[in-house]
Each structure stands twice: as structure tokens, then as C-alpha cells.
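The following dialogue concerns the reading of domain interfaces and cysteines.

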Amino acid sequence: MSTTKYILGLFADPDELMHGIDTLQKNSVPIYDVYTPMPIHGIEKKLGIKDSRLGYAAFMFGCLGGTTIFSMAYFMLVQDWPMNIGGKPAFAVPDFVPITFEWTVLFTAFGMVLTFFYATHLFPGRTPRVMELRATDDRFVIAIDAKGNIPHEDITNLLKESGAVEVKHNDRKYVSYE
Amino acid sequence: MASHSESIIREPLITGENITYAQITNDVLRPVENMPGKAWWIGFTVASLGACLWVFAISYTFWNGLGAWGLNKTVGWAWDITGFVWWVGIGHAGTLISAILLLFRQNWRNSINRSAEAMTIFAVICAATYILAHMGRPWMALFSLPIPNQYGSLWVNFNSPLIWDVFAISTYFSVSLVFWYTGLLPDLATIRDRATGIRQKIYSVLSFGWTGSVKTWQRFETVCLILAGISTPLVLSVHTIVSMDFATSLEPGWHTTIFPPYFVAGAIFSGFAMVQTLLLVTRKVLGLENYITMFHIEAMNKIILLTGSIVGVAYLTEFFIAYYSAGEYEQYTFLNRFIGPYWWAGCMMYGCNVLMTQLMWFKKIRTNIPISWVLSIVVNIGMWFERFVIIVVSLHRDFVPSSWAMFYPTWVDVSVFIGSIGLFFTMFLLFIRVLPSIAMAEVKLILKSSSEQAKKKLIAHGGLDSEQVEFYKESLTSFDSVNIKDYKKA
């Protein structure tokens with residue numbers, strides 16, 4: 001019984017990586033994930049990953065921010081302590097536009113980024129779950145769950161044929177920590 | 001796709017032979033992974049001495065009160081607000097590069113956005129210190145925030161541009177910080193995965209556990225695009241609101257409707273000049289000539305020329321409107337910039353900002369590094385004088401001649417200003433020491449399409465219009481990082 005947990009195909013070039021994904025999919029080998037040092041457009045479509053919904057979150061946070069500060073201004077300057085400034089109306093809507101805009105942007109930015117961190121499990125001090133250390137440098141890595149995907153030799157050959165510069169059989173899932 | 005081929009007539013964004021993905025990582029991380037050289041230490045020593053001067057002068061101000069500055073009853077705002085507007089303006093280029101140029105798909109921004117954004121953050125910090133300092137009692141800053149207090153609650157006045165400014169600057173600072181840090185995550189992960197020991201632990205905490213999986217990158221790109229989309233109107237709003245600090249008053253010289261666009265153009269103008277000042281030195285000292293190429297330098301010079309000319313048109317418009325308004329106080333204010341006791345400040349403003357930048361029309365000057373560097377400093381001097389003229393020169397002549405006065409800075413004024421420059425450079429030098437000064441992931445993105453070696457391959461492959469190839473080779477002659485002899489043979 002092999003102790004291999006994950007098979008990693010390391011590519012040196014993004015186009016060859018795409019070719020590798022195609023080859024594996026043609027041969028019905030399921031891909032666990034792909035790690036790249038830069039965003040490669042088109043992978044998510046190949047792997048069937050749905051569009052990000054962060055835009056909706058951003059919009060909702062923006063609405064929340066604008067509403068919050070506009071309501072605050074209304075309460076403070078109209079409800080709680082209206083001031084007589086030359087007899088002009090206390091509910092001076094044009095004057096509230098700049099702050100409403102600023103908090104719309106502020107809430108959008110923070111809300112969206114925090115949602116991104118939450119959804120992707122990013123936070124300061126999180127132990128990095130890295131399968132291949134060079135995946136953040138110059139290697140484009142396809143990870144395949146070795147369990148059930150046999151024979152491993154066939155997968156290795158498929159990866160090599162499609163241009164992988166190195167194929168690794170890792171006994172541990174993550175190499176980043178002891 | 002990462003590798004569509006680009007038209008040959010476009011100049012390369014990455015020069016040098018045999019640049020690989022690994023090479024990019026090595027080049028960018030060299031200053032982060034090794035001990036800094038002599039140039040860095042000299043710069044850091046001088047800058048931190050400046051920062052110490054700033055700490056001393058600011059402490060002196062807080063201890064003794066604002067009487068330590070040269071302000072008087074007529075000129076109640078002087079070097080403090082001049083410095084504030086100057087620094088905020090400088091901060092604008094970073095967001096312009098990272099947000100607006102992203103929306104316009106300008107790939108050349110990829111190698112300068114990181115350091116320009118860092119510069120934005122440090123410049124806004126410097127600006128914010130002026131705001132706190134000019135309150136005299138900095139703890140009173142609490143009253144600019146809409147929080148309940150024991151006086152009623154006595155709320156802030158949302159009708160006031162000064163309160164808008166508090167919201168604009170704080171939002172701008174925090175959103176820029178978030179944008180910058182999110183962009184840093186993949187590069188911090190790169191450092192983490194190459195480091196060992198305590199360094200690895202530190203960068204591990206800083207990189208938030210980034211892995212670079214497909215879903216992470218997809219979300220990352222969505223976040224960056226939306227942040228760019230909201231930062232674009234944000235950056236325009238910030239200097240608009242800063243200009244309203246003046247424009248909503250009734251002071252001749254301040255009370256003009258042209259201020260918002262005029263200030264925004266001026267801010268981008270001075271910001272790009274500061275980016276130029278910093279990057280021309282940084283690329284040399286850190287050996288990043290292959291990533292920040294002549295194309296980048298020239299493109300920034302073109303933006304300086306454009307925004308400088310917009311500022312020039314705004315100056316002319318101001319003069320014309322002063323004449324056309326037939327308001328005698330308005331006319332006096334503008335005439336006074338040339339015939340009053342501060343004529344020299346007016347000359348510095350118009351001379352440095354309008355006349356000197358017009359030199360950029362010449363390609364020889366745009367592509368000359370020493371001249372570009374000197375001109376970028378001239379622009380920043382000119383922009384400091386612009387704010388000085390708008391603030392002090394407008395204030396020093398009152399409606400009542402008995403309150404006419406001059407402003408004489410004390411040593412504290414001067415020390416706070418010089419000190420703030422020291423503070424800025426201290427932060428910038430620390431930044432290039434511990435963080436990657438070029439966004440590696442983004443530069444890797446354009447390696448296959450826009451690098452010199454990719455174009456070389458295209459030429460070698462043949463089948464291109466020979467006129468276009470000649471045009472391309474011609475454009476390379478101004479590059480200092482390209483060995484032009486390679487092309488003569490071909």
C-alpha cells in the first residue's frame with residue numbers, strides 16, 4: 001500500500017499548466033486544487049468554480065455605510081440638536097452628501113475585504129497550509145488527491161507528458177509546518 | 001490568458017535577458033532578504049535624524065502651545081495647512097496608479113503601484129500629523145468625531161467642510177491601507193515560503209496564511225477590482241473636499257468654484273513628481289532597472305506634463321475670472337501675488353509648476369533621468385509654494401488694512417516641516433527594507449506578454465511588419481536597461 005497522500009504536478013509555465021489540467025480532465029482524474037504564484041485567468045472555469053459573490057457583499061456593505069451615516073447626521077443635526085444657521089433648514093441634504101459618500105466607500109472596502117478574509121480563512125497568524133513551497137515563487141502546481149486515484153504511475157505519466165517539470169508524491173498533505 | 005502576444009510597437013515593460021519567474025522573485029526580494037547596502041544606511045541615518053527633529057519640534061509645540069509657531073491674528077493658517085495640503089496632494093498619485101490605472105488596464109502600473117501606494121500611506125500619515133498638531137491641543141481631535149459627549153451631546157457640524165475633511169482623510173487613509181495590504185498578501189507569502197527561522201514566523205503571521213489556490217486568487221481579483229472601482233471616486237473626492245476647506249469660505253483667492261478640479265489635478269501632479277523622485281533613486285539603488293524601465297519614467301513624465309498643464313490652465317482661469325468678476329478685492333488678491341511683498345512666492349509657484357513642466361514636451365528631456373529627477377523636485381517645490389501662495393498670500397492682506405501682516409516662520413515651523421520630510425523618508429526606507437517594493441505577482445503576470453525577451457522572440461519568429469519592428473527598435477534606444485547592440489546585429 002502506497003503512503004502517498006497527494007500527487008503534485010509542478011509546471012514552469014502557465015500555458016503548460018492549462019494543458020496539464022486539460023489532459024487530466026480528459027482522463028477523468030479529479031483535481032484537488034491548483035496553486036499558482038499569480039492569478040491565471042481561465043482556471044476557475046476549467047475547474048468549474050463558481051463566480052465570486054463578493055460583489056454582492058460589497059454592495060450591501062456600501063448601502064449599510066451610506067444609510068448609517070445619513071441616519072446619524074439626520075439624528076444629530078435634525079432630531080437631537082437642530083441649529084439655527086442663518087435661518088436655513090436643519091435638514092440640509094446636499095451637505096450630507098460628502099460624508100454619506102465617504103462612509104459608503106469605507107463600509108464597502110472594509111466589509112468586502114473582511115468578508116474575503118472570512119470566506120477564504122485568512123487572518124493574521126493562520127498556519128499556512130502550503131503543499132509546495134515554490135508555488136508562491138515560480139511553480140504552477142496541480143494537486144491531486146492520491147487516495148482512490150490509482151494507479152499513481154499513470155497520473156505521473158500524464159502530468160509528465162503534458163509538460164510538468166517535476167512530479168512529487170507527498171506523504172503529507174502540507175509541507176509548511178511540522 | 002497569461003500569454004497572448006502583444007503588438008510589437010508597444011515598448012517592453014520588463015527588460016533584460018533570461019528573466020524568469022524565479023528571477024523576478026530573486027530581484028525584487030534581494031533588498032528584503034539581504035542586509036542593506038551603504039546607500040540605504042546613509043539615507044536611513046539622515047531620514048531618521050529628520051524624524052527625530054520632527055518629534056522634538058512637535059513635542060515643543062505641544063508643550064508650549066501654538067505660540068511656538070509664527071502664526072498671528074491675520075495669518076492664522078500658514079505652514080501647517082500648507083504642509084497638510086502638500087502631503088495629501090502627494091498621497092494622491094499612489095491611489096491614481098493603483099486604482100485608476102487598474103481600471104484603465106494600464107499594465108505598466110504593475111511594477112510601480114506597490115511603492116506608490118506605500119508612499120500614499122506615508123504621505124497621508126504626514127498630512128494627518130499636521131492636522132493634529134495645528135489643533136494645539138491634539139486630544140481635542142476627539143471632538144471632530146461624531147461620538148456622544150458630556151456637553152449635550154454636542155454633535156459635530158456636518159455642514160462644515162472641515163468635518164467632511166475628517167471623514168474624507170480618515171476614509172482615504174484606511175481604504176488605501178486595506179487596498180495596499182491586501183495586495184501585499186501574495187508577496188508576503190512568497191517571502192514566507194523562502195524564509196527560515198524567525199523571519200519565516202514573522203512573515204507567516206503577516207501573510208495571513210495565503211496559499212495561492214484558485215479560489216483565493218479569484219476572490220482576490222474581485223476584491224482588487226472593486227477596491228479600485230471605489231477608490232477612484234474616493235481619491236477624487238478627497239482633494240475635492242480639501243479644496244472645499246477653502247472654496248466654501250468668503251476669502252478672496254479662496255472663494256472660487258474652480259478649486260475642486262484644480263486641486264485634484266495639482267494633487268496628481270505633485271504626487272507623480274514625488275513618485276518620480278523616489279523611484280528614480282530606488283530603481284538604481286535596489287537594482288530594479290529591468291522592472292522600472294524608461295517606459296515607466298516617460299509615462300510618468302507624460303502624466304506630470306498633462307496634469308501640470310491642467311494646473312496651468314486653472315491658474316489662467318483664476319486670473320481671467322478675477323478680472324471678469326469685476327470684484328475689486330478678488331482682482332487685488334490676484335494682482336498682489338505678483339506686486340505684493342510675496343511676489344517671490346508667486347514667481348516660484350508659477351515658474352516651477354507651469355514653465356518648468358512645459359520642458360517635458362521634449363522627448364529628450366522626458367527620457368533623461370537626471371533632468372527628470374531634478375524636474376520632479378522642482379515640481380514639488382513649486383507645489384509647496386502653490387499652497388503657500390493660496391493660504392498665506394491670500395490671508396496676509398485683509399479687508400481692513402490695519403490688520404495687514406506678514407508671516408515669519410519660527411524655527412519650530414521650519415523644523416516641523418523638515419522633520420515631516422524626514423518622517424516620510426524614514427517610513428519609506430523601512431518599507432523597502434522589509435517589504436517587496438514591487439508587486440511580484442503582478443509583474444509575473446505580464447512577463448510572457450510584455451517583456452523584452454517575449455518581443456525578441458516575436459522578432460526572431462518573423463512575419464512582422466518591418467516598419468513596426470524598426471519603430472520598436474528605435475523606441476528602445478532611450479532605454480538605459482537595454483543593450484541596444486543586440487538589435488543592431490539582428
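The dialogue below treats the domains of chain B and then the cysteines.

A: This is a predicted model, in which local features need pLDDT of at least 70 and side-chain atom pairs count only at pLDDT 80 or more, while totals for chains, interfaces and linings use all residues. Residues are numbered from 1 along each chain, chains are lettered from A, and side-chain values use heavy atoms without hydrogens or water.

Q: Which domains does the assignment give for chain B?

A: Domain bounds come from an automatic or database domain assignment. Here, chain B has domain 1 (1-19 + 451-484) and domain 2 (26-445).

Q: What area is buried between domain 1 of chain B and domain 2 of chain B?

A: The size of an interface is often given as the accessible area lost when the parts come together. Buried area is computed with a 1.4 Å probe and summed over both parts. The value here is about 1,100 Å², with 57% from carbon and sulfur atoms. B:Leu13, B:Ser478 and B:Asp480 supply 45% of the area that domain 1 of chain B buries against domain 2 of chain B.

Q: How many salt bridges cross this interface of domain 1 of chain B and domain 2 of chain B?

A: A salt bridge places a side-chain nitrogen of Lys or Arg within 4 Å of a carboxyl oxygen of Asp or Glu. The rule finds one across the interface. The side chains of B:Asp480 and B:Arg283 form a salt bridge at 3.0 Å, N to O.

Q: Why is B:Cys126 without a bond to B:Cys52?

A: A disulfide requires cysteine sulfur atoms within 2.5 Å. The closest cysteine sulfur to that of B:Cys126 belongs to B:Cys52 and lies 14 Å away, too far for a bond. The structure holds zero disulfides over all chains.

Technical notes:
Buried area = accessible area lost by both parts, 1.4 Å probe.
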